[in-house]
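Student: I've got a new structure to look at, and I'd like to know how each label in it is earned. Can we go through it together?

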Amino acid sequence: MKVLVTGGCGYIGSHACVALAAAGHEPIVLDNFSNSNPKAVGRIEKLIGRSLVVYQGDIRDRLVLDCIFEQHRIGAVMHFAGLKAVGESVAKPLEYYDNNLSGTLNLLAAMRAAHIYRLIFSSSATVYGDPLTVPISETAQTGATTNPYGTSKHMVESCLRDFSAANPDWSITLLRYFNPIGAHPSGLIGEDPTGIPNNLMPFITQVAIGRRDTLSIFGNDYPTHDGTGVRDYIHVQDLVEGHVAALEERGNVSGLHVYNLGTGNGVSVLDMVAAMNKVLGRELPVRIEPRRAGDIAQCFAEVDKAEKELGWSANHDLMDMVEHSWNWQQRNPNGYQS
Ligand code: NAD
Ligand code: UD1
(Lines give C-alpha, C1' and ligand atoms only; values in the text may rest on other atoms or scores of the structure.)
(Ligands and ions follow the chains in the order given, each with its own letter.)
Protein backbone atom coordinates (compact mmCIF):
# COMPACT_ATOMS: atom_id res chain seq x y z
CA MET A 1 0.00 0.00 0.00
CA LYS A 2 1.19 3.54 -0.69
CA VAL A 3 1.30 5.40 2.62
CA LEU A 4 1.67 9.17 2.86
CA VAL A 5 4.10 9.86 5.71
CA THR A 6 3.83 13.51 6.77
CA GLY A 7 6.97 14.61 8.59
CA GLY A 8 8.67 11.56 7.10
CA CYS A 9 12.18 13.00 7.34
CA GLY A 10 11.92 13.72 11.07
CA TYR A 11 13.07 11.48 13.90
CA ILE A 12 10.12 9.10 14.10
CA GLY A 13 8.87 9.54 10.52
CA SER A 14 12.23 8.48 9.04
CA HIS A 15 12.17 5.25 11.05
CA ALA A 16 8.52 4.73 10.03
CA CYS A 17 9.47 4.96 6.34
CA VAL A 18 12.00 2.16 6.84
CA ALA A 19 9.53 0.00 8.79
CA LEU A 20 6.80 0.54 6.19
CA ALA A 21 9.12 -0.44 3.35
CA ALA A 22 10.27 -3.54 5.27
CA ALA A 23 6.61 -4.55 5.66
CA GLY A 24 6.06 -4.27 1.89
CA HIS A 25 4.42 -0.82 1.81
CA GLU A 26 5.54 2.22 -0.15
CA PRO A 27 6.14 5.37 1.90
CA ILE A 28 5.57 8.71 0.15
CA VAL A 29 6.96 11.61 2.20
CA LEU A 30 5.70 15.16 2.70
CA ASP A 31 8.01 17.31 4.82
CA ASN A 32 8.73 21.04 4.97
CA PHE A 33 12.15 20.39 6.58
CA SER A 34 11.40 22.90 9.35
CA ASN A 35 12.89 20.44 11.86
CA SER A 36 14.72 17.91 9.71
CA ASN A 37 17.56 17.66 7.27
CA PRO A 38 17.20 16.69 3.59
CA LYS A 39 20.23 14.43 4.16
CA ALA A 40 17.86 12.05 5.91
CA VAL A 41 16.39 11.19 2.49
CA GLY A 42 19.59 9.54 1.23
CA ARG A 43 19.97 7.65 4.51
CA ILE A 44 16.42 6.28 4.32
CA GLU A 45 17.00 5.30 0.68
CA LYS A 46 20.12 3.43 1.70
CA LEU A 47 18.14 1.50 4.30
CA ILE A 48 15.19 0.67 2.06
CA GLY A 49 17.36 -0.09 -0.97
CA ARG A 50 15.45 2.10 -3.42
CA SER A 51 14.52 5.69 -4.09
CA LEU A 52 12.02 7.49 -1.90
CA VAL A 53 9.38 9.85 -3.26
CA VAL A 54 9.65 13.07 -1.23
CA TYR A 55 7.58 16.23 -1.56
CA GLN A 56 9.03 19.31 0.09
CA GLY A 57 5.92 21.12 1.24
CA ASP A 58 3.64 21.98 4.11
CA ILE A 59 0.63 20.10 5.47
CA ARG A 60 -1.13 23.47 5.65
CA ASP A 61 -0.83 23.84 1.88
CA ARG A 62 -3.95 22.29 0.36
CA LEU A 63 -2.56 22.48 -3.20
CA VAL A 64 0.40 20.28 -2.29
CA LEU A 65 -1.83 17.72 -0.61
CA ASP A 66 -4.26 17.64 -3.57
CA CYS A 67 -1.32 17.24 -5.93
CA ILE A 68 0.10 14.27 -3.96
CA PHE A 69 -3.31 12.59 -3.73
CA GLU A 70 -3.80 13.09 -7.47
CA GLN A 71 -0.39 11.67 -8.39
CA HIS A 72 -0.48 8.64 -6.07
CA ARG A 73 -3.10 6.10 -5.08
CA ILE A 74 -2.55 6.63 -1.35
CA GLY A 75 -4.18 3.99 0.88
CA ALA A 76 -3.41 5.51 4.28
CA VAL A 77 -1.78 8.49 5.96
CA MET A 78 0.64 8.34 8.87
CA HIS A 79 0.64 11.86 10.25
CA PHE A 80 3.85 12.79 12.09
CA ALA A 81 4.32 16.39 10.89
CA GLY A 82 4.06 19.01 13.61
CA LEU A 83 5.96 21.06 16.13
CA LYS A 84 6.94 19.34 19.38
CA ALA A 85 9.07 21.53 21.67
CA VAL A 86 7.20 22.16 24.91
CA GLY A 87 9.09 25.32 25.94
CA GLU A 88 8.83 26.85 22.48
CA SER A 89 5.09 26.16 22.46
CA VAL A 90 4.67 28.36 25.54
CA ALA A 91 6.45 31.23 23.76
CA LYS A 92 4.79 30.63 20.36
CA PRO A 93 1.31 29.19 20.95
CA LEU A 94 -0.11 30.50 17.68
CA GLU A 95 2.55 28.67 15.66
CA TYR A 96 1.77 25.44 17.53
CA TYR A 97 -2.00 25.63 17.08
CA ASP A 98 -1.56 26.63 13.45
CA ASN A 99 0.89 23.83 12.62
CA ASN A 100 -0.51 21.04 14.75
CA LEU A 101 -4.24 21.77 14.73
CA SER A 102 -4.90 23.72 11.49
CA GLY A 103 -2.38 21.53 9.68
CA THR A 104 -4.22 18.36 10.73
CA LEU A 105 -7.63 19.80 9.80
CA ASN A 106 -6.30 20.76 6.38
CA LEU A 107 -4.91 17.26 5.91
CA LEU A 108 -8.21 15.71 6.94
CA ALA A 109 -10.19 17.84 4.47
CA ALA A 110 -7.80 16.93 1.65
CA MET A 111 -8.03 13.22 2.55
CA ARG A 112 -11.83 13.38 2.53
CA ALA A 113 -11.83 15.03 -0.91
CA ALA A 114 -9.50 12.29 -2.19
CA HIS A 115 -11.54 9.48 -0.55
CA ILE A 116 -8.67 8.31 1.66
CA TYR A 117 -10.18 7.01 4.86
CA ARG A 118 -7.28 5.62 6.90
CA LEU A 119 -5.37 7.88 9.28
CA ILE A 120 -2.79 7.15 11.98
CA PHE A 121 -2.06 10.15 14.18
CA SER A 122 1.01 10.78 16.37
CA SER A 123 -0.43 11.68 19.74
CA SER A 124 1.42 11.79 23.03
CA ALA A 125 1.17 10.64 26.63
CA THR A 126 1.26 14.37 27.34
CA VAL A 127 -2.56 14.34 26.82
CA TYR A 128 -2.87 12.53 30.19
CA GLY A 129 -1.26 15.48 32.04
CA ASP A 130 -0.20 14.51 35.57
CA PRO A 131 -1.76 11.03 35.89
CA LEU A 132 -3.75 10.12 38.98
CA THR A 133 -2.44 6.54 38.85
CA VAL A 134 0.20 4.56 36.97
CA PRO A 135 0.34 2.55 34.79
CA ILE A 136 -1.86 4.81 32.63
CA SER A 137 -4.59 3.12 30.62
CA GLU A 138 -6.17 4.50 27.48
CA THR A 139 -9.37 5.17 29.45
CA ALA A 140 -7.59 7.52 31.88
CA GLN A 141 -8.75 11.11 31.87
CA THR A 142 -7.15 13.37 29.25
CA GLY A 143 -7.09 17.10 28.71
CA ALA A 144 -5.41 18.51 31.82
CA THR A 145 -2.50 19.59 29.66
CA THR A 146 0.07 22.05 30.93
CA ASN A 147 1.39 23.69 27.76
CA PRO A 148 0.19 24.64 24.24
CA TYR A 149 2.01 21.67 22.66
CA GLY A 150 0.10 19.22 24.84
CA THR A 151 -3.14 21.16 24.36
CA SER A 152 -2.70 21.07 20.57
CA LYS A 153 -2.40 17.26 20.71
CA HIS A 154 -5.50 17.02 22.90
CA MET A 155 -7.42 19.37 20.57
CA VAL A 156 -6.51 17.25 17.55
CA GLU A 157 -7.65 14.11 19.40
CA SER A 158 -11.00 15.80 20.18
CA CYS A 159 -11.46 16.93 16.57
CA LEU A 160 -10.66 13.44 15.29
CA ARG A 161 -13.12 11.90 17.77
CA ASP A 162 -15.93 14.19 16.53
CA PHE A 163 -14.93 13.64 12.93
CA SER A 164 -14.93 9.87 13.42
CA ALA A 165 -18.42 9.96 14.93
CA ALA A 166 -19.69 11.85 11.88
CA ASN A 167 -17.75 9.67 9.41
CA PRO A 168 -18.08 6.13 10.73
CA ASP A 169 -16.59 4.58 7.60
CA TRP A 170 -13.15 6.05 8.38
CA SER A 171 -10.45 4.22 10.35
CA ILE A 172 -8.69 6.72 12.61
CA THR A 173 -6.03 5.56 15.07
CA LEU A 174 -4.60 7.75 17.80
CA LEU A 175 -1.24 6.47 19.01
CA ARG A 176 -0.15 7.97 22.31
CA TYR A 177 3.61 7.73 22.49
CA PHE A 178 5.40 7.60 25.79
CA ASN A 179 9.12 8.55 25.52
CA PRO A 180 10.67 7.47 22.22
CA ILE A 181 14.46 7.14 22.26
CA GLY A 182 17.07 5.05 20.42
CA ALA A 183 17.86 4.95 16.74
CA HIS A 184 18.05 2.54 13.83
CA PRO A 185 20.80 0.00 14.71
CA SER A 186 22.72 0.99 11.55
CA GLY A 187 23.32 4.46 13.00
CA LEU A 188 22.21 5.98 9.68
CA ILE A 189 19.09 7.68 11.02
CA GLY A 190 18.33 9.02 14.49
CA GLU A 191 17.20 11.99 16.52
CA ASP A 192 18.89 15.26 15.52
CA PRO A 193 17.64 18.03 17.78
CA THR A 194 18.45 21.64 16.92
CA GLY A 195 19.95 23.74 19.70
CA ILE A 196 20.06 22.58 23.29
CA PRO A 197 18.11 19.31 23.64
CA ASN A 198 15.08 19.49 25.95
CA ASN A 199 14.78 15.74 26.31
CA LEU A 200 16.87 13.49 28.48
CA MET A 201 18.36 10.99 26.01
CA PRO A 202 19.76 13.41 23.42
CA PHE A 203 21.17 15.52 26.25
CA ILE A 204 22.91 12.47 27.71
CA THR A 205 24.45 11.44 24.39
CA GLN A 206 25.63 15.02 23.75
CA VAL A 207 27.35 15.06 27.15
CA ALA A 208 28.89 11.67 26.36
CA ILE A 209 30.25 12.90 23.01
CA GLY A 210 31.60 16.11 24.61
CA ARG A 211 29.19 18.63 23.04
CA ARG A 212 27.86 19.51 26.54
CA ASP A 213 29.71 19.53 29.88
CA THR A 214 27.33 18.07 32.43
CA LEU A 215 23.91 16.49 32.61
CA SER A 216 21.58 18.43 34.90
CA ILE A 217 19.25 16.08 36.75
CA PHE A 218 16.03 17.99 37.35
CA GLY A 219 15.05 17.03 40.88
CA ASN A 220 15.91 14.10 43.17
CA ASP A 221 13.05 14.53 45.62
CA TYR A 222 10.18 12.99 43.65
CA PRO A 223 8.18 10.17 45.25
CA THR A 224 9.89 7.56 43.04
CA HIS A 225 12.29 4.69 43.82
CA ASP A 226 15.37 6.95 43.73
CA GLY A 227 13.82 10.43 43.81
CA THR A 228 14.34 11.21 40.12
CA GLY A 229 11.62 11.40 37.46
CA VAL A 230 10.33 8.10 36.07
CA ARG A 231 9.27 7.66 32.42
CA ASP A 232 8.39 4.90 29.98
CA TYR A 233 11.17 5.00 27.37
CA ILE A 234 10.42 3.10 24.19
CA HIS A 235 12.81 2.22 21.38
CA VAL A 236 11.88 4.14 18.22
CA GLN A 237 12.12 0.88 16.26
CA ASP A 238 9.43 -0.67 18.47
CA LEU A 239 7.36 2.51 18.21
CA VAL A 240 7.30 2.44 14.41
CA GLU A 241 6.56 -1.30 14.40
CA GLY A 242 3.52 -0.33 16.48
CA HIS A 243 2.44 1.97 13.63
CA VAL A 244 2.75 -0.80 11.06
CA ALA A 245 0.74 -3.10 13.36
CA ALA A 246 -1.92 -0.39 13.77
CA LEU A 247 -2.13 0.04 10.00
CA GLU A 248 -2.40 -3.66 9.34
CA GLU A 249 -4.66 -4.62 12.26
CA ARG A 250 -6.89 -1.57 12.44
CA GLY A 251 -6.64 0.06 8.98
CA ASN A 252 -9.62 -1.96 7.74
CA VAL A 253 -11.67 -1.61 10.91
CA SER A 254 -13.74 1.56 10.85
CA GLY A 255 -14.03 3.79 13.89
CA LEU A 256 -11.72 5.57 16.30
CA HIS A 257 -8.96 3.47 17.86
CA VAL A 258 -6.71 4.62 20.70
CA TYR A 259 -3.52 2.91 21.86
CA ASN A 260 -0.67 3.65 24.22
CA LEU A 261 2.72 2.89 22.71
CA GLY A 262 5.09 2.23 25.58
CA THR A 263 6.89 -0.65 27.26
CA GLY A 264 5.01 -0.53 30.55
CA ASN A 265 8.30 -0.11 32.45
CA GLY A 266 9.19 2.90 34.56
CA VAL A 267 12.82 4.04 34.26
CA SER A 268 14.26 6.87 36.37
CA VAL A 269 16.80 9.47 35.31
CA LEU A 270 19.40 7.76 37.50
CA ASP A 271 18.54 4.36 35.97
CA MET A 272 19.13 5.89 32.55
CA VAL A 273 22.46 7.43 33.62
CA ALA A 274 23.56 4.06 35.05
CA ALA A 275 22.70 2.33 31.75
CA MET A 276 24.67 4.92 29.81
CA ASN A 277 27.65 4.59 32.17
CA LYS A 278 27.61 0.85 31.53
CA VAL A 279 27.61 1.33 27.75
CA LEU A 280 30.35 3.98 27.93
CA GLY A 281 32.49 2.19 30.52
CA ARG A 282 32.91 5.53 32.31
CA GLU A 283 30.91 7.91 34.50
CA LEU A 284 28.87 10.63 32.88
CA PRO A 285 29.29 13.99 34.67
CA VAL A 286 25.98 14.86 36.37
CA ARG A 287 24.71 17.59 38.70
CA ILE A 288 21.48 17.60 40.74
CA GLU A 289 19.39 20.71 39.98
CA PRO A 290 15.95 21.87 41.13
CA ARG A 291 12.86 20.32 39.55
CA ARG A 292 11.99 21.50 36.02
CA ALA A 293 8.76 23.52 35.88
CA GLY A 294 5.82 21.50 34.58
CA ASP A 295 7.48 18.11 35.18
CA ILE A 296 5.60 15.20 36.68
CA ALA A 297 6.99 12.52 39.01
CA GLN A 298 6.17 9.44 36.98
CA CYS A 299 4.48 8.33 33.83
CA PHE A 300 4.33 4.86 32.34
CA ALA A 301 1.89 3.00 30.17
CA GLU A 302 -0.54 0.18 30.55
CA VAL A 303 0.23 -1.77 27.39
CA ASP A 304 -2.34 -4.61 27.40
CA LYS A 305 -4.67 -3.06 24.82
CA ALA A 306 -2.02 -2.76 22.10
CA GLU A 307 -0.80 -6.26 22.91
CA LYS A 308 -4.30 -7.74 22.65
CA GLU A 309 -5.68 -5.82 19.69
CA LEU A 310 -2.59 -5.09 17.61
CA GLY A 311 -0.57 -8.16 18.53
CA TRP A 312 2.25 -5.72 19.19
CA SER A 313 4.56 -5.20 22.14
CA ALA A 314 7.94 -3.55 22.58
CA ASN A 315 10.91 -5.92 22.24
CA HIS A 316 13.97 -3.77 22.86
CA ASP A 317 15.25 -3.33 26.38
CA LEU A 318 16.83 -0.28 27.96
CA MET A 319 20.37 -1.35 27.03
CA ASP A 320 19.37 -1.61 23.34
CA MET A 321 17.85 1.87 23.51
CA VAL A 322 20.96 3.39 25.07
CA GLU A 323 23.41 1.51 22.83
CA HIS A 324 21.56 2.53 19.67
CA SER A 325 21.24 6.16 20.75
CA TRP A 326 24.96 6.21 21.47
CA ASN A 327 25.82 4.46 18.19
CA TRP A 328 23.87 7.13 16.27
CA GLN A 329 25.56 9.94 18.24
CA GLN A 330 29.04 8.49 17.73
CA ARG A 331 28.57 8.01 14.00
CA ASN A 332 27.00 11.46 13.65
CA PRO A 333 28.56 13.67 16.36
CA ASN A 334 26.80 16.74 14.93
CA GLY A 335 23.72 14.93 13.68
CA TYR A 336 23.07 15.05 9.94
CA GLN A 337 25.53 17.99 9.68
CA SER A 338 28.39 15.62 10.52
P1 NAD B 1 10.47 15.77 14.38
O2 NAD B 1 10.44 17.24 14.60
O3 NAD B 1 11.78 15.08 14.31
O4 NAD B 1 9.66 15.41 13.06
C5 NAD B 1 8.57 16.19 12.59
C6 NAD B 1 8.76 16.39 11.11
O7 NAD B 1 7.66 17.14 10.59
C8 NAD B 1 10.03 17.19 10.77
O9 NAD B 1 10.71 16.54 9.73
C10 NAD B 1 9.50 18.55 10.34
O11 NAD B 1 10.36 19.16 9.40
C12 NAD B 1 8.15 18.18 9.77
N13 NAD B 1 7.14 19.25 9.83
C14 NAD B 1 6.84 20.05 10.88
N15 NAD B 1 5.83 20.86 10.55
C16 NAD B 1 5.47 20.56 9.28
C17 NAD B 1 4.49 21.05 8.38
N18 NAD B 1 3.67 22.04 8.74
N19 NAD B 1 4.41 20.53 7.14
C20 NAD B 1 5.25 19.52 6.76
N21 NAD B 1 6.20 19.03 7.56
C22 NAD B 1 6.31 19.53 8.81
O23 NAD B 1 9.55 15.12 15.51
P24 NAD B 1 9.38 13.59 15.90
O25 NAD B 1 10.05 13.39 17.20
O26 NAD B 1 9.69 12.73 14.76
O27 NAD B 1 7.81 13.56 16.20
C28 NAD B 1 6.87 13.18 15.20
C29 NAD B 1 5.48 13.35 15.77
O30 NAD B 1 5.35 12.57 16.95
C31 NAD B 1 5.13 14.78 16.17
O32 NAD B 1 3.79 15.02 15.82
C33 NAD B 1 5.31 14.78 17.67
O34 NAD B 1 4.48 15.74 18.29
C35 NAD B 1 4.86 13.37 18.02
N36 NAD B 1 5.45 12.91 19.28
C37 NAD B 1 6.80 12.89 19.43
C38 NAD B 1 7.36 12.48 20.64
C39 NAD B 1 8.85 12.48 20.84
O40 NAD B 1 9.29 12.38 21.98
N41 NAD B 1 9.67 12.56 19.80
C42 NAD B 1 6.52 12.09 21.70
C43 NAD B 1 5.15 12.11 21.50
C44 NAD B 1 4.61 12.51 20.28
C1 UD1 C 1 8.81 15.90 27.67
C2 UD1 C 1 7.67 16.87 27.46
C3 UD1 C 1 6.46 16.10 26.96
C4 UD1 C 1 6.80 15.29 25.72
C5 UD1 C 1 7.94 14.34 26.06
C6 UD1 C 1 8.38 13.44 24.93
C7 UD1 C 1 8.11 18.63 29.14
C8 UD1 C 1 7.60 19.27 30.39
N9 UD1 C 1 7.39 17.56 28.72
O10 UD1 C 1 8.41 15.05 28.65
O11 UD1 C 1 5.40 16.99 26.66
O12 UD1 C 1 5.67 14.55 25.28
O13 UD1 C 1 9.05 15.13 26.49
O14 UD1 C 1 9.04 14.17 23.95
O15 UD1 C 1 9.07 19.06 28.55
N16 UD1 C 1 15.54 15.35 32.60
C17 UD1 C 1 16.68 15.68 33.31
N18 UD1 C 1 17.63 16.40 32.65
C19 UD1 C 1 17.51 16.81 31.37
C20 UD1 C 1 16.35 16.46 30.66
C21 UD1 C 1 15.36 15.73 31.30
O22 UD1 C 1 16.82 15.35 34.47
O23 UD1 C 1 18.41 17.49 30.85
C24 UD1 C 1 14.52 14.51 33.27
C25 UD1 C 1 13.15 15.16 33.36
O26 UD1 C 1 13.03 15.94 34.51
C27 UD1 C 1 12.24 13.92 33.35
C28 UD1 C 1 13.00 12.91 32.50
O29 UD1 C 1 14.36 13.35 32.50
O30 UD1 C 1 12.13 13.41 34.66
C31 UD1 C 1 12.51 12.83 31.07
O32 UD1 C 1 12.49 14.14 30.52
P33 UD1 C 1 12.15 14.40 28.97
O34 UD1 C 1 13.02 13.55 28.11
O35 UD1 C 1 12.18 15.87 28.74
O36 UD1 C 1 10.67 13.84 28.79
P37 UD1 C 1 9.31 14.19 29.58
O38 UD1 C 1 9.56 15.00 30.79
O39 UD1 C 1 8.58 12.93 29.77
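Tutor: Sure, here come the labels one by one, each set against its cut-off. Keep in mind that this is a predicted model.

Student: Let's start with ligand 1. How many residues surround it, and what makes a residue count?

Tutor: There are 27 residues around ligand 1, and the closest are D31, N35, S36, K84 and N99. A residue counts if one of its heavy atoms lies within 4 Å of the ligand.

Student: What makes the pairing of S36 with ligand 1 a polar contact?

Tutor: The cut-off is a pair of N or O atoms within 3.5 Å. An N or O atom in the side chain of S36 is 2.7 Å from an oxygen atom of ligand 1, so the pair passes. Y149 also qualifies, with a side-chain N or O atom 2.8 Å from an oxygen of ligand 1. G10 takes part through its backbone: a polar atom there is 3.2 Å from a ligand 1 oxygen.

Student: How much of ligand 1 does the protein bury?

Tutor: The protein buries 95% of the 820 Å² that ligand 1 exposes when taken alone.

Student: Which element gives the largest share of that shell?

Tutor: That's β5, with 3 residues. At least two residues each come from α1 (11–22), β5 (118–124) and α6 (148–166). By type, the shell around ligand 1 has 10 nonpolar, 12 polar and 5 charged residues.

Student: And what surrounds ligand 2?

Tutor: Ligand 2 has 17 residues around it, with L200, S216, R231, R292 and D295 the closest. They divide into 7 nonpolar, 7 polar and 3 charged. Strand β8 (residues 215–218) gives the most to this shell, 4 residues.

Student: How do you know that T126 makes a polar contact with ligand 2?

Tutor: An N or O atom in the T126 side chain is 3.3 Å from an oxygen atom of ligand 2. The limit is 3.5 Å, so the pair counts. The N199 side chain has an N or O atom 3.0 Å from a ligand 2 oxygen. In S216, a backbone N or O atom lies 2.7 Å from a nitrogen of ligand 2. Of the 750 Å² of accessible area that ligand 2 has on its own, the protein covers 87%.

Student: On to charges. Why is the pair D98 and R60 called a salt bridge?

Tutor: Side chains of opposite charge can pair when their charged atoms come close. Here the closest N and O atoms of D98 and R60 are 2.8 Å apart, and the cut-off is 4 Å, so the name fits. D98 sits in helix α5 (residues 93–113) and R60 in the loop between β3 (53–56) and α3 (62–71), so the bridge ties together parts 38 residues apart in sequence.

Student: How many salt bridges does the structure hold?

Tutor: It holds 10 salt bridges. One of them joins E309 and R250, at 3.6 Å from N to O. This pair links distant parts of the chain, with E309 in helix α10 (residues 304–310) and R250 in helix α8 (residues 236–250), 59 residues apart.

Student: Are E309 and R250 buried or partly exposed?

Tutor: One of each. Buried means under 20% relative accessible area. R250 has 15%, so R250 counts as buried. E309 has 32%, so E309 is partly exposed.

Student: What about the salt bridge between E289 and R287?

Tutor: Their side chains meet at 2.9 Å, N to O. E289 is partly exposed at 25%, and R287 is partly exposed at 43%. Elsewhere, D58, R60 and D98 are joined into one network by salt bridges that share partners.

Student: Last topic, the rings. How many aromatic pairs are there?

Tutor: A search of the whole structure finds 4. One of them is F163 with W170, 4.8 Å centre to centre and with 85 degrees between the planes.

Student: Why is the F163 and W170 pair called edge-to-face?

Tutor: Planes over 60 degrees apart count as edge-to-face. The planes of F163 and W170 are 85 degrees apart, which earns the label. Their centres also meet the 6.5 Å limit for a pair.

Student: What makes W170 buried?

Tutor: W170 has 1% relative accessibility, and the cut-off is under 20%, so the label holds. F163, at 13%, is buried as well. Along with Y117, F163 and W170 form one aromatic cluster.

Methods:
Residues numbered from 1 in each chain as written. Chains lettered and ligands numbered in written order. Predicted model: local features only at pLDDT ≥ 70, side-chain atom pairs only at ≥ 80, totals over all residues. Heavy atoms only, no water. Polar contact = N/O pair within 3.5 Å; in protein donor to acceptor, adjacent residues only side chain to side chain. Areas by Shrake-Rupley, 256 points an atom, 1.4 Å probe, with all protein chains shown as cover. Nonpolar A, V, L, I, M, F, W, Y, C, P; charged D, E, K, R; others polar. Buried < 20%, exposed > 50% of the residue type's maximum accessible area, 1.4 Å probe, protein only. Phe/Tyr/Trp six-rings, centres within 6.5 Å; stacked < 30°, edge-to-face > 60°.
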